[in-house]
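Thanks for making the time this morning. I would like to walk you through one structure, and I will go through its binding sites in turn.

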Amino acid sequence: GGPASLSRFRGALVASVLGDCVGGEFEGAEEVPMDRVLQHLNGLDDESRGDGILQYSDDTAMTRCVVQSLLTRAGFDERDMAGRFAVEYSQSPGRGYGGGVIHVLRKLASPNLSDVFQPARAQFSGRGSFGNGGAMRAAPFALAFSKLVDIKRYSRLGAMLTHSCSLGYNGAVLQALAVHLSLHGALEQPDDFVRKLLLEMEEVEGEDVARSDARVLNEPEFPFCKRLHKVQDLMERNNVSIEEVISELGNGIAALHSVPTAIFCVLHCLEPREGLPEHYGGLERTMAYSLALGGDTDTIACMAGAIAGAHYGIDAIPQIWQRCCEGAEVADINAERLHTLYHQA
Ligand code: 8NA
Ligand code: MG
Ligand code: MG
């Protein structure tokens, strides 16, 4: 479909669930041989799988809260969103949340809380979390708002409910921007796609807080821009090994070590690649490649899935994959509602 078509909305939200569910198998694994990835993905086609459907984790649980909040309030409402995070966590605490964020989620359940951003600010001795937990749930902001200024403002605030360090929430801004550009067909020109991201992130990371957060963490200034430049370098190379991608971009739980990685996965898999089945389309390649990086596989595949799904649309996602992932159907219905909201506003 064309820019911002229903198919792209559905692709984005369903493929993000898929990445989370399918990627859970390898979360935390140091190295994942492509053979094992393909075996896992082929196994999804097997009707006789005994282990039932693949469950989603914190990534999808929190994304669903973001979606429900944006739909119910027809816009961003921090108290409503924070309340949904707290209820979701109290009802299903075993979804694989990060070790720090659970303290925020418990505090957000308190009815006496006057400032919903306060618990996140108290994390890690006041420095705030730089984990990728804000970025993993950022895609819906690009599906609810059409203006760049709104996407940037609300993806940042939505992330700040749990991640008050700029290296955390700016990862969410970058992820939302990537989904937005993809939704509008920008991946047709991959070099332009990265240039547009850089242009936006140079402004985002130029803020004083972003500069001082980077210094405190011993990172160079403009950390996400630096990584996007590395993405450009890797794109220009003919043969890039998985090891190089991991060492240049990372595969960890920090937003800085996973959001640019997810973006690279999508860009790299726009074309057929050696080691990946020839009958795979771009979305399938993106999934397989994200898992082969190891590390925080569910979250990287979830983020790459959202960007890739917004590009290829729903028809690129194998039915069999959708059927074995918990929450894929709900994501599909939510995508349709977001599409309506998006085109109303
Ligand atoms: P978070 O906010 O708890 O951050 C995750 C972790 O990052 C923390 O537990 C800390 O170890 C570290 N961290 C973050 N900020 C700082 C800081 N300022 N100083 C020192 N350490 C810090 O959780 P989140 O919501 O960001 O979640 C991130 C990831 O963890 C997600 O992938 C989620 O699925 C989860 N998770 C990951 C794995 C894995 O093996 N990769 C396993 C289970 C859960
Ligand atoms: Mg997870
Ligand atoms: Mg994860």
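Along the sequence, the donor residues of the magnesium ion (ligand 2) follow the spacing S-D-D-x238-D, and, since we are looking at a predicted model, please take every distance I quote as computed from its coordinates. Those protein donors are Ser57 through OG, and Asp58, Asp59 and Asp298 each through OD, and they lie 2.0 to 2.3 Å from the magnesium ion (ligand 2).

Let me turn to the other metal. The magnesium ion (ligand 3) is 3.3 Å from the magnesium ion (ligand 2), and Asp298 coordinates both. For the magnesium ion (ligand 3), the donor spacing along the chain reads E-x268-D-x1-D-T, and the protein donors are Glu27 (OE), Asp296 (OD), Asp298 (OD) and Thr299 (OG1), at 2.2 to 2.6 Å from the ion. Of these, Asp296 and Thr299 are both buried.

What angles do the 6 donor atoms around the magnesium ion (ligand 3) subtend? They run from 66 to 168°, and the arrangement is therefore irregular. As a reference, the ideal angles for six octahedral donors are 90 or 180 degrees.

That brings me to ligand 1, which sits in the largest pocket. There are 22 residues around ligand 1, and those that come nearest are Gly100, Ser129, His163, Asp296 and Thr299, so named here with two residues, Asp296 and Thr299, that also serve as protein donors to the magnesium ion (ligand 3). Looking at individual atom pairs, an oxygen atom of ligand 1 lies 2.7 Å from a backbone N or O atom of Gly100, while an oxygen atom of ligand 1 is 2.7 Å from a side-chain N or O atom of His163. For Asp296, a side-chain N or O atom is 2.4 Å from an oxygen atom of ligand 1. Taken alone, ligand 1 exposes 830 Å², and the protein buries 78% of that area.

Terms used: Residues are numbered from 1 along each chain as its sequence is written. Chains are lettered from A and ligands numbered from 1 in the order in which they are written. This is a predicted model: local features need pLDDT of at least 70, side-chain atom pairs count only at pLDDT 80 or more; totals for chains, interfaces and linings use all residues. Side-chain values use heavy atoms; hydrogens and water are left out. Donors are N, O and S atoms within 2.8 Å of the metal (3.2 Å for Na, K and Ca); water is not among the atoms, so sites may look incomplete. Four donors count as tetrahedral if all angles lie between 85 and 135 degrees; four count as square planar and six as octahedral if opposite donors are over 155 degrees apart and all others between 65 and 115; anything else is irregular. Buried means under 20% relative accessible area, exposed over 50%, partly exposed in between (1.4 Å probe, protein chains only). A residue is near a molecule or strand if one of its heavy atoms lies within 4 Å of it. A polar contact is a pair of N or O atoms within 3.5 Å; within protein, one must be able to donate a hydrogen and the other to accept it, and residues adjacent in sequence count only if both atoms are side-chain atoms. Accessible areas come from the Shrake-Rupley method with a 1.4 Å probe; for residues, only the protein chains shown count as cover. On a 1 Å grid over the protein atoms alone, a cavity is a set of points where a 1.4 Å probe fits but cannot get out, and a pocket is an open set with protein on both sides within 12 Å along at least five of seven lines; lining residues have an atom within 4 Å of a point. A molecule sits in a cavity or pocket if more than half of its atoms lie within 2 Å of its grid points.
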